[in-house]
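Trainee: I'm new to reading structures like this, so could we go through one together, slowly?
Mentor: Gladly; have a look first, and then ask whatever comes to mind.

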Amino acid sequence: MKKTSAESKKIKSSREDLVFEIVTKALLIVACLIVLYPLYFIVIASISNPDYVIAGKLSLYPIDVTFSGYRRIFKFKNLMNGYKNSFFYAIFGGSLSAALTLFAAYPLSKKDFSGRKPFTVFLLITMFFQGGMIPLYIVVNRLGLRNTPYVLLIVNGIQVWNLLVTSSYFKSNHIESLSEAAEIDGCSHFGYFFKILLPISKPIIITMLLFYAVWQWNDFFRAMIYLDKPDYQPLQIVLKDLLATAQVSSAIYDLMEDQEALTEMLRAAEQMKYGVIVMATLPMMVVYLIMQEYFVQGITMGSVKG
Amino acid sequence: MHSKESVTMTKGVKPKEKKTLAQRIKHKFITRGEWQLYLLILPVVIYFIIFHYAPMYGIQIAFRNYSITKPIMDAKWVGLTYFERFLKSPMFPQLFKNTVILSFYDLFIGFPFPVLFAVVLNQTQSKRLVKFTQTVTFAPYFISMVVLVGMLHLFLSPNSGIVNKLLEAIGIEPIYFMGEAKWFRHVYVLSHIWQRTGYQAIIYFAALTSVDPGLYEAATIDGATRLEKIWYIDLPSITPTLVTMLLLSVGRVLNVDTQRTLLMQAPTNLPTSEIFGTYVYKVGLVSAQFSYSTAIDLFKTVINLTLLIITNQISKKLTEESLW
């Protein structure tokens, strides 16, 4: 029997679709495994007997479950202090940055604002040309901000990119038309901004809070430059001393009050490393999973603006 | 009703007859309430003057013999001495080579992954799997750099790391990935791909989902295969995004991630891992040679800016895509 060419094409394309579907699904599953396995391994290693971890016996499930690693972590004062500091920086730094970003983004989004062009250029220049590490350090030093908790709330606190994203959100159609209506009704800029615009802009407010808070939580470099005292150090600096060396750091030795045998220390240190990774990352992962849409929205809004 | 009135009113206010500059400013600033807009943007402007423009003024210490105890203007003017010293020093060729290689390696190996990943996501019919995969692959973006490098140390440790245990199992001697100079770039680029692919794919995926479905239907009627649809519909639709991302990356060639590199440095891998940013940090803040460090930093910024302008011009000519 002879098939018409259209029919054979249809059969060909449906077979092609099937193959395609299998291949793309397989690729996605592989991608998920590549991302998930290292994370899963960290979690099971943090609750397994470290002997098995060090010997490379651990693969798919925890062995000889023990929570001694976490018990040690909770007794580690520096780490707990860092935890507390980082929450402070994330909440207050995030709120401050988000508020200022929203304030400034509104004028930048107004087409007939006489300062729009000059201020936009004024801000954009800083994206491509910076004074650099040392001139900024000198400024911060002159202002007496070094070794104060405020330095991390303020320095690099406003990101131009976020300003652009927020102002492009304010420029979107449904908000624009509202703004025109408000103007006609003789609403002042303050009245419009605080009473109308902010209440309907929850998505961008949350997005900005989240981006700034996550950034504050994860940043370590500013603390490394501007803070010497342990009191104000954020979690990431404590972690850096614990993790970013192949050897066991002195911080862990200090922790071992009872001075057990060296091997025991190494065992404990190894397990603690996995535990602190879980502890440091978990809050951000929870925030991410609950607020995922806002993060995605924030990223795509920026790209649409280009 | 009263809104109709105010429409005519605002229209009436628009200046037909010429006003003096002072009058126009007064009108905009007071009558139309623009002072409120200026007040809203004021904190951010002050912030940028202090933390961005004041440091720009401070760049002049690159041309002066500056010490932190005295004001900038009291420091002796030395011209291009520090730039000369840097260009003649043996560090310069090494830093330049390391920075450029690391940057281009990261750029050209790294950028196809999110693009291809977004295309595959877009082609997959099962929406649940797509959603799940996006959720999973975006997650590493939220892991801090400190933790990521910590994970690398744990996984790649020569005596207890899981990677070396696997290599041992197939008869390969343990490798000290985090210490050997020849491994630094590979570990850097691969771990970066692991952390960033899901995040970067979001942008391309958004561009793909905004493609008019009519295009696919028309292509199906014309008998296009799936690969042809990817080639003729998907890829062209993300080209503008792709060009923008590449342009931005080229403008940052010498700005390759300083913090990540600094964390991954070990004394033994410095021959490949010492780059502009890390050297600026060490010269400036570890050994306190402020002027010299600033000169190197400025040199880097100027080259970056030049590259950005050149690539932007080329792109304007070739693809009509540009940043400005």
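**Two loops, two chains and their contact**

Mentor: Let me begin with one small spot, B:Ala288, which sits in the loop between α15 and α16 of chain B. Please keep in mind throughout that this is a predicted model.

Trainee: Okay, so what is phi of B:Ala288 near?
Mentor: The phi angle of B:Ala288 is near 55°, and that is a positive value in a residue other than glycine. Most residues other than glycine have a negative phi.

Trainee: And is B:Ala288 buried or exposed?
Mentor: B:Ala288 counts as exposed, because it has 12 C-beta neighbours inside 10 Å, and a residue with 12 or fewer is placed in that class.

Trainee: Where in chain A would I look for a positive phi in a residue other than glycine?
Mentor: Look at A:Asp64, where phi is near 50°; this residue lies in the loop of chain A that runs between α2 (50-54) and α3 (68-75). A:Asp64 is exposed as well, because 11 other C-beta atoms lie within 10 Å.

Trainee: Back to the helix before B:Ala288: how many residues of α15 in chain B are buried?
Mentor: Helix α15 (residues 276-286) of chain B is mostly covered, with eight of its eleven residues buried. Among them are B:Phe276, B:Tyr279, B:Tyr281 and B:Val283, and also the glycines B:Gly277 and B:Gly284.

Trainee: What do those buried residues pack against?
Mentor: From chain B, the buried residues of α15(B) have α5 (91-110), α13 (258-264) and α16 (290-319) as partners, and from chain A they pack against α6 (133-142).

Trainee: Let's turn to the contact between the chains, then. How many residues does it take from each?
Mentor: There are 76 residues from chain A and 78 residues from chain B in the contact. On the side of chain A that touches chain B, helix α1 (residues 5-46) of chain A gives the most, with 15 residues. Sorted by class, that side of chain A has 49 nonpolar, 18 polar and nine charged residues.

Trainee: Changing topic, what is the secondary structure of each chain?
Mentor: Chain A has 15 helices and zero strands, while chain B comes to 16 helices and two strands.

Trainee: How much of each chain is buried?
Mentor: In chain A, buried residues make up 35% of the 306 residues, and in chain B, 34% of the 324 residues count as buried.

Trainee: What radius of gyration does chain B have, and what would a compact globule have?
Mentor: Chain B has a radius of gyration of 27 Å, whereas a compact globule of 324 residues would have one near 20 Å. Along the principal axes, the C-alpha atoms of chain B fill a box of roughly 85 × 75 × 35 Å.

Trainee: One last spot: what separates the C-alpha atoms of B:Glu180 and B:Leu215?
Mentor: They are separated by 51 Å, and the two residues are 35 residues apart along the chain. B:Glu180 lies in the loop between α9 (162-169) and α10 (181-209) of chain B.

Trainee: Which residues does B:Glu180 touch?
Mentor: Leaving out residues up to four places away in sequence, B:Glu180 touches B:Ile175, B:Thr268 and B:Asn269. B:Glu180 counts as partly exposed because it has 16 C-beta neighbours inside 10 Å.

Note on methods:
Residues numbered from 1 in each chain as written. Chains lettered and ligands numbered in written order. Predicted model: local features only at pLDDT ≥ 70, side-chain atom pairs only at ≥ 80, totals over all residues. Contact = placed C-beta atoms within 7 Å. Helix = DSSP H or I, 4+ residues; strand = E, 2+ residues; numbered from the N terminus. Nonpolar A, V, L, I, M, F, W, Y, C, P; charged D, E, K, R; others polar. Buried ≥ 20, exposed ≤ 12 C-beta atoms within 10 Å, placed from the backbone. Rg over C-alpha atoms; globule rule 2.2 N^0.38 Å.
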